[in-house]
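Here's a quick walk through a protein model with a ligand in it. Have the viewer open and follow along.

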Amino acid sequence: MSERPKKLTSEEINSKLGDGWSFDEKANAIVKEFTKLSFSNAAEFIGKIAPIANEQDHHPDILLHDYKKVRIMLSTHDAGGVTTNDFKLAKAIDAL
Ligand code: HBI
């Protein structure tokens, strides 16, 4: 059974943002750009996110661009915005 946490306010989101994360109000998502990877490391990094996303039943938008940069975008489609589920996944990604 998946949880249905409520959409957080901008204030709540901004107060919870961790290192390197920002709130994209237009996209209604929290976003982080990882820039210190090689192309192979970037692809590997994405591969490591996949099982965590499945485990949490929460899936990021991921963009591998400019050869070796990875942008992670997290939002909760069910809630139409950012929820604690996004921060939980953000934490797990930061721990990789
Ligand atoms: N991933 N980012 C994100 N947002 C969701 O709302 C979401 C998800 N992965 C799976 C999921 N929801 C399912 O729980 C629902 O589609 C049933």
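What follows goes from the ligand site to the core, then out to a few surface and loop residues.

## The ligand and its shell

Keep in mind that this is a predicted model. So, which residues come nearest to the ligand? The shell holds eight residues, and the nearest are Asp 57, His 59, Ser 75, His 77 and Asp 78. In terms of chemistry, the shell has six polar residues and two charged ones, with no nonpolar residue at all.

Three of those neighbours have polar atoms worth a look. Asp 57 uses its side chain: an N or O atom there sits 3.0 Å from an oxygen atom of the ligand. Ser 75 brings its backbone instead, with a polar backbone atom 2.8 Å from a ligand nitrogen. His 77 also takes part through the backbone, where an N or O atom is 3.0 Å from an oxygen of the ligand. As for cover, the ligand on its own exposes 390 Å², and 71% of that is buried by the protein.

## Thr 76 in its loop

Now go to Thr 76, which you'll find in the loop that runs between strand 4 (69–74) and helix 3 (84–94). Is Thr 76 buried or exposed? Its relative accessible area is just 7%, and anything under 20% counts as buried, so Thr 76 is buried.

Leaving out residues up to four places away in sequence, Thr 76 touches His 58, Gly 81, Thr 83, Asn 85 and Asp 86. With Thr 83 there is also a side-chain to side-chain polar contact of 2.7 Å. For a long-range marker, try Lys 7: it is 69 residues from Thr 76 along the chain, yet the two C-alpha atoms are separated by 8.0 Å.

## The nonpolar core

In soluble globular proteins, nonpolar side chains tend to be buried together. Here the largest nonpolar core has 19 residues, and Ile 30 and Ile 72 are the ones that touch the most other members. Strand 2 (29–34), helix 2 (39–56), strand 4 and helix 3 each give two or more residues to this core. Ile 30 has a long contact list once residues up to four places away in sequence are set aside, including Ile 13, Leu 17, Trp 21, Phe 23, Ile 72, Leu 74, Val 82, Phe 87 and Ala 90.

Next to Ile 30 in the numbering comes Val 31, also in strand 2. Val 31 is buried too, because its relative accessibility is 14%. With residues up to four places away left out, Val 31 touches Gly 20, Trp 21, Ser 22, Asp 24, Arg 71, Ile 72 and Met 73. Phe 45 is 14 residues from Val 31 along the chain, and their C-alpha atoms are 16 Å apart.

## Helix 3, inside and out

Which residues of helix 3 are buried? They are Asn 85, Asp 86, Phe 87, Leu 89, Ala 90 and Ile 93. These buried residues pack against helix 1 (10–16), strand 2, helix 2 and strand 4. Two of them have come up already: Asn 85 and Asp 86 are both touched by Thr 76.

Lys 91 belongs to helix 3 as well, but this one counts as exposed because its relative accessibility is 65%. Try the distance to Glu 44: it is 47 residues from Lys 91 along the chain, with 18 Å between the C-alpha atoms.

## Other loop residues

Glu 25 is in the loop between strand 1 (22–24) and strand 2. With a relative accessible area of 52%, Glu 25 is exposed, since the cut-off for that is over 50%. Its C-alpha atom is 12 Å from that of Leu 74, a residue 49 places away along the chain.

Last stop is the loop between strand 3 (61–65) and strand 4, where Asp 66 is found. Asp 66 has a positive phi, near 50 degrees, without being a glycine. Tyr 67 is in the loop between strand 3 and strand 4 too, and its phi is near 70 degrees, again a positive value in a residue other than glycine. Tyr 67 also counts as exposed, because its relative accessibility is 73%.

Technical notes
Residues numbered from 1 in each chain as written. Predicted model: local features only at pLDDT ≥ 70, side-chain atom pairs only at ≥ 80, totals over all residues. Heavy atoms only, no water. Near = heavy atom within 4 Å. Polar contact = N/O pair within 3.5 Å; in protein donor to acceptor, adjacent residues only side chain to side chain. Areas by Shrake-Rupley, 256 points an atom, 1.4 Å probe, with all protein chains shown as cover. Nonpolar A, V, L, I, M, F, W, Y, C, P; charged D, E, K, R; others polar. Helix = DSSP H or I, 4+ residues; strand = E, 2+ residues; numbered from the N terminus. Buried < 20%, exposed > 50% of the residue type's maximum accessible area, 1.4 Å probe, protein only. Contact = heavy atoms within 4.5 Å. Core = buried A, V, L, I, M, F, W, Y, C linked by side-chain atoms within 4.5 Å.
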